[in-house]
Amino acid sequence: STGTILEDVTEAERAAAGEFSEPRGELVITAPIVFGRLHVLPVITDFLAAYPEVDVRLIQGDRIAHLLDEHIDLAVRIGELPDSRLTATRLGNTRRVVCASPDYFSTHGVPASPTELSGHRCISFDAMSSPEAWSFHVDGVDVSVPVRSRLVVNTAEAAIDAAQAGVGVTRVLCYQVETARRGGHLQTALRAFAPAPLPISLVHAGQRRLPLKLRAFLDFAAPRLRDRLAAA
């Protein structure tokens with residue numbers, strides 16, 4: 001097939017560049033914005049010191065990139081992986097949390113059940129949930145709860161900043177608000193109704209022969225990222 005021929009050509013080019021004899025060349029990695037800053041960048045920093053012949057291009061974004069089309073070697077993905085052609089290394093899980101500023105909750109009340117969100121001002125991070133409805137786990141089943149989004153944003157940082165400013169209630173991932181929660185700037189709610197945790201994985205295209213730069217990074221990063229998630 002054409003795909004196999006192209007793969008053979010690419011493999012030949014990589015062999016000519018010495019990528020199978022030692023870890024070298026540029027490694028292109030994509031990661032979500034906040035997770036990339038908190039966890040991936042510190043691991044990359046240590047990796048660069050350990051592997052002087054490998055350079056890294058880190059692309060941070062909450063949009064899901066297409067690995068093959070965009071020439072990406074490795075992606076950090078949060079959520080279920082629908083594409084079975086990709087090879088995934090599981091790192092851990094994260095949970096979705098509902099939160100707002102303590103001032104907001106003291107003024108408007110803390111919702112005791114998901115249905116009470118209909119009376120609240122909501123801030124939707126559009127990569128996490130629909131601006132019209134948020135899903136919860138209630139009495140053993142997943143339910144979709146209508147919300148009114150006064151603000152819709154496309155980054156978790158914007159949702160968190162707006163929540164800290166008292167705009168309303170938002171829903172993001174637990175690691176994204178850990179610092180704000182510990183500092184007393186945000187308070188969580190509805191933890192008992194959280195949907196199933198989301199897996200966090202390292203994903204690559206599953207080439208027949210992994211370039212050593214990619215194999216080296218997988219072996220280096222996976223245990224370190226697992227440890228960081230376990231400690232979070």
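Trainee: What share of the contacts in the protein chain with a separation of 6 or more comes from residues 24 or more positions apart?

Mentor: The model is a predicted one. Among contacts in the protein chain with a separation of 6 or more, those between residues 24 or more positions apart account for 78%.

Trainee: How many helices and strands does the protein chain contain, and what percentage of its residues count as buried?

Mentor: The secondary structure comprises six helices and twelve strands. The protein chain has 232 residues, and the portion that counts as buried is 42%.

Trainee: Where does helix H6 bend, and which proline follows?

Mentor: Helix H6 covers residues 212-231. Its 20 residues, at 1.5 Å a residue, should span 28 Å, and the end C-alpha atoms are 29 Å apart, which agrees. There is nevertheless a bend of about 25 degrees in H6. The bend is at Ala221, and the proline that follows within four residues is Pro223.

Trainee: Which elements do the buried residues of H6 pack against?

Mentor: The buried residues of H6 include Leu214, Phe217, Leu218, Phe220, Leu225 and Leu229. A lysine, Lys213, is also one of the buried residues of H6. The buried residues of this helix pack against one helix and several strands, namely H2 (33-50), S1 (25-31), S2 (54-60), S3 (74-78), S4 (87-94) and S12 (198-204).

Trainee: At which residue does H2 bend, and by about how many degrees?

Mentor: The 18 residues of H2 should span 26 Å at 1.5 Å a residue, and the end C-alpha atoms are 24 Å apart, which agrees. The buried residues in H2 include Val34, Phe35, His39, Val40 and Phe47. A proline, Pro42, follows the bend within four residues. The bend in H2 is at Val40, by about 45 degrees.

Trainee: Is Gln176 buried or exposed?

Mentor: Gln176 lies in helix H5, residues 174-182. Its relative accessible area is 12%, and the limit for a buried residue is under 20%. Gln176 is therefore buried.

Trainee: Which backbone nitrogen lies 2.8 Å from a polar atom of the side chain of Gln176?

Mentor: Leaving aside neighbours within four places in sequence, Gln176 is in contact with Val34, Phe125, Ala156 and Ile160. One of these, Val34, is a buried residue of H2. The backbone nitrogen that lies 2.8 Å from a polar atom of the Gln176 side chain is that of Leu173.

Trainee: Where does Leu186 lie, and is Leu186 buried or exposed?

Mentor: Leu186 is in the loop between H5 and strand S11 (187-189). Not counting residues up to four places away in sequence, Leu186 touches residues including Cys99, Pro102, Ile160, Ala163, Val177 and Arg181. With a relative accessibility of 4%, Leu186 counts as buried.

Trainee: What separation is there between the C-alpha atoms of Leu186 and Gly166?

Mentor: Leu186 and Gly166 are 20 residues apart along the chain. The separation of their C-alpha atoms is 9.5 Å.

Trainee: How many disulfides does the count come to?

Mentor: A disulfide requires two cysteine sulfur atoms within 2.5 Å. Cys122 is buried, at 1% relative accessible area, and Cys174 also counts as buried, at 18%. The count of disulfides comes to zero.

Trainee: Which residue forms a salt bridge with Arg182?

Mentor: Side chains of opposite charge can pair when their charged atoms come close. At 64% relative accessibility, Arg182 counts as exposed. Arg182 and its partner both lie in H5, four residues apart, about one turn of the helix. The closest N and O atoms are 2.9 Å apart, and the partner is Glu178.

Trainee: Which residue of H6 meets Asp219 in a salt bridge?

Mentor: An α-helix has 3.6 residues a turn, so residues three or four places apart point the same way. Asp219 and its partner are four residues apart in H6. Asp219 is partly exposed at 48% relative accessibility. The N to O distance in the salt bridge is 3.4 Å, and the partner is Arg215.

Trainee: Which residues do salt bridges that share partners join into one network?

Mentor: The count of salt bridges comes to seven. In one of them the side chains of Arg24 and Glu22 meet at 2.7 Å, N to O. Arg24 counts as partly exposed at 27% relative accessibility, and Glu22 is likewise partly exposed, at 33%. The network formed through shared partners joins Glu22, Arg24 and Glu53.

Definitions and conventions:
Residues are numbered from 1 along each chain as its sequence is written. This is a predicted model: local features need pLDDT of at least 70, side-chain atom pairs count only at pLDDT 80 or more; totals for chains, interfaces and linings use all residues. Side-chain values use heavy atoms; hydrogens and water are left out. Buried means under 20% relative accessible area, exposed over 50%, partly exposed in between (1.4 Å probe, protein chains only). Helices (H or I, at least four residues) and strands (E, at least two) are DSSP runs, numbered from the N terminus. The expected span of a helix is 1.5 Å times one less than its number of residues. The bend at a residue is the angle between axes fitted to the seven residues ending there and the seven starting there. Contact means heavy atoms within 4.5 Å. A polar contact is a pair of N or O atoms within 3.5 Å; within protein, one must be able to donate a hydrogen and the other to accept it, and residues adjacent in sequence count only if both atoms are side-chain atoms. A salt bridge is a side-chain nitrogen of Lys or Arg within 4 Å of a carboxyl oxygen of Asp or Glu.
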